[in-house]
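The following paragraphs lead a new reader through one protein chain, from its charges and overall form to its interior. Please keep the sequence and the structure in view while reading.

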Amino acid sequence: MKTMFSKRLQELREEAGLSQKKLGERVSVSAASIGYYENGTRDPGLDIAVEFAKFFGVSLDYMAGISDHRAPTSADITARTGLSEIAVEVLEAKHALHSGT
């Protein structure tokens with residue numbers, strides 16, 4: 001049975017214009033495993049789910065269907081952590097400088 005994770009994985013892969021084989025090569029997973037994840041036959045472990053989220057630049061919350069935002073917004077982070085929006089923006093800027101994005 002298809003899960004939200006399986007639907008979003010397939011959607012993101014197709015948006016990126018990648019075959020299951022190409023995605024598998026990029027995240028070190030077999031094409032067969034990608035197929036199993038997309039049709040809901042198997043669920044990936046947390047480490048593999050994190051690799052998919054990193055690769056596509058989305059949050060695990062988005063992949064799992066907890067959020068409809070591909071990446072958390074400042075307001076989401078503020079609500080979950082109690083940090084002010086200014087503090088979140090400072091941290092995001094610092095992260096961007098550190099990671100080169």
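In what follows, Lys and Arg count as positive and Asp and Glu as negative, while His and the chain ends are not counted. On that basis, the protein chain carries 12 positive and 14 negative side chains. The centres of these two sets lie 7 Å apart. The model discussed here is a predicted one.

The overall architecture comes next. The protein chain contains seven helices and zero strands, and its elements run α-α-α-α-α-α-α from the N terminus on. Along its principal axes, the C-alpha trace spans about 45 × 30 × 20 Å. Among contacts with a separation of 6 or more, 48% are made by residues 24 or more positions apart.

The surface and the interior may then be considered together. The accessible surface of the protein chain comes to about 6,500 Å², and carbon and sulfur atoms account for 56% of it. Of the 101 residues, 31% count as buried.

Within the interior, the largest nonpolar core has 16 residues. Two or more residues of this core are given by each of α1 (4-15), α2 (20-27), α3 (31-39), α4 (46-56) and α5 (60-64). The largest share, four residues, comes from α4. The residues with the most contacts inside the core are L9, L23, F52, F56, V58 and M63.

M63 offers a useful place to look more closely. Which residues is M63 in contact with, leaving aside its neighbours within four places in sequence? They are M4, F5, R8, L9, L12, F52, A53 and V58. Of these contacts of M63, L9, F52 and V58 are also among the residues with the most contacts inside the core.

Notes. Residues numbered from 1 in each chain as written. Predicted model: local features only at pLDDT ≥ 70, side-chain atom pairs only at ≥ 80, totals over all residues. Heavy atoms only, no water. Core = buried A, V, L, I, M, F, W, Y, C linked by side-chain atoms within 4.5 Å. Buried < 20%, exposed > 50% of the residue type's maximum accessible area, 1.4 Å probe, protein only. Contact = heavy atoms within 4.5 Å. Areas by Shrake-Rupley, 256 points an atom, 1.4 Å probe, with all protein chains shown as cover. Charge placed at Lys NZ, Arg CZ, Asp CG, Glu CD.
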